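I opened this structure to look up how its parts are put together, and I kept notes as I went along.

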Amino acid sequence: MNVIPTIKLNNGIEMPQLGIGTFAVKEDAAERVCHAVKTGFRLIDTAQGYGNEKEVGEGIRKSGIDRKLLFITTKVNTTEMRNKTVRQSIDNSLNDLGLDYIDLVLIHWPVAGHIEETWKILEEYVDKGKIRSIGLSNFNPHHIDSLLLYARIRPVINQIEIHPYMTQQANVDFNFGKDIQVEAWGPLGQGTNGVLNDPTIEEIARRYNKSVAQVILRWHMQRGLITIPRCDNDDYTGENLCIYDFELSPKEMETISGLNRNLRTYEKNDPDNFPW
Ligand SMILES: NC(=O)c1ccc[n+]([C@@H]2O[C@H](COP(=O)([O-])OP(=O)(O)OC[C@H]3O[C@@H](n4cnc5c(N)ncnc54)[C@H](OP(=O)(O)O)[C@@H]3O)[C@@H](O)[C@H]2O)c1
């Protein structure tokens, strides 16, 4: 049974609105991916920088699911952009994942001076049928304005840090205005920023007999965002899927959005000033 709604991208492709993240999951990534797919998830987010594409590919095959039913995202690493090894890195991703094509490839961070050449290579791979959609991650509006001046293929998505303490409303509105969907990374504050123990969200969660995580994920869904919570715990995997049997009121949506503090989980995650 697959209850997860999809969002139509600007190239007509449908993307599941809820998936799983794999940041910092290495040894048991194959098990995690296999379990998530068997639970009902279809969108899987990885990155060259996570060093787990082989394990993610293994998990996909182990699940036994028809590959066509999955939506796999990876991201081009900053090092590959700086070293001008983007083509080779995409070939390696295809090889490590064990796929004939990747559903979505993102530029992981806006590495100054290397965005245009990387974008053109991504466009080349779309032309070759090796990548279906291309997009961005950690791009601020000014980065997108510059890219749209030369992009032959429009980015379908911008994946940025979003949780109730970092709502990024202006960036979300900007992207939607350009027909670019927004995907929230760190949707649960990476489990470390305190949002999972926020008393205001706890109170809302009690009303629906849901967990704080479920209320936060529901808030992302009702904002029209795509998101990819990560979990190592099998119980959480199932729990994170059970968010389609309740609806937050407009007032509750506003209350959660009102918790915004423009607080990144790490200060160095500022897209205009990142060190990696
Ligand atoms: N584009 C980028 O630059 C970027 C940056 C960071 C992340 N990402 C992507 O976004 C994905 C999600 O972000 P993230 O992994 O950093 O953090 P996250 O999903 O916000 O938080 C993960 C944490 O939440 C906990 N959790 C998950 N479900 C829960 C539940 N139902 N109840 C209580 N706790 C729960 C997990 O606990 P357990 O581990 O104990 O299960 C884990 O500690 C990543 O995995 C990655 O794919 C992208």
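**Around the ligand**

I began with the ligand, keeping in mind that this is a predicted model, and found 27 residues around the ligand, of which Gly21, Phe23, Gly191, Ala213 and Arg230 come nearest. When I sorted the shell around the ligand by class, I counted 10 nonpolar, 13 polar and four charged residues. I then asked which element gives the most to this shell. The entry I wrote down is α10, with three residues.

**The sheet**

Next I traced the strands, and I noted an open sheet of eight strands with parallel pairing, in the order β3-β4-β5-β6-β7-β8-β9-β10. At its edges I found β3 (19–21) and β10 (226–227), each of which pairs on one side only. I looked up one pair inside this order in detail: strand β8, residues 157–161, and strand β9, residues 181–185, pair in the parallel sense over five bridges. For isoleucine 160 I looked up the bridge partner in β9, and it is alanine 184.

**Helix α1 with α10**

Since α10 had come up in the ligand shell, I checked how it packs against helix α1. Helix α10 covers residues 234–241 and helix α1 residues 29–39, and I noted an angle of about 35° with the axes 10 Å apart. The crossing of these two helices, α1 and α10, is right-handed. On the α1 side I listed His35, Ala36 and Thr39, which meet Asp234, Thr237, Gly238 and Leu241 in α10. By class, I recorded two nonpolar, four polar and one charged residues in the contact of α1 with α10.

**Helix α1 with α2**

I then turned to helix α2, residues 53–63, which packs with α1 at an angle of about 40°, their axes being 7 Å apart. I therefore entered α1 as oblique to α2. The crossing in which α1 passes α2 is right-handed. Among the contact residues I noted Ala29, Arg32 and Val33 of α1, and Glu55, Ile60 and Lys62 of α2. The residues of the contact of α1 with α2 divide into seven nonpolar, two polar and six charged.

**Helix α2 with α4**

My last entry follows α2 to helix α4, residues 86–97, where the two axes come within 7 Å and cross at roughly 40°. I asked which residues of α2 and α4 make the contact. From α2 they are Glu53, Lys54, Val56 and Gly57, and from α4 they are Ser93, Asp96 and Leu97. Sorting the contact of α2 with α4 by class, I wrote down two nonpolar, two polar and three charged residues.

Conventions:
Residues numbered from 1 in each chain as written. Predicted model: local features only at pLDDT ≥ 70, side-chain atom pairs only at ≥ 80, totals over all residues. Axes fitted to C-alpha atoms, helices over the stretch in contact; angles between N-to-C directions. Helix = DSSP H or I, 4+ residues; strand = E, 2+ residues; numbered from the N terminus. Left-handed = near helix turned anticlockwise from the far one by under 90°. Contact = placed C-beta atoms within 7 Å. Nonpolar A, V, L, I, M, F, W, Y, C, P; charged D, E, K, R; others polar. Near = placed C-beta within 6 Å. Pairing = 2+ DSSP bridges. Parallel < 35°, antiparallel > 145°, perpendicular 65-115°, else oblique.
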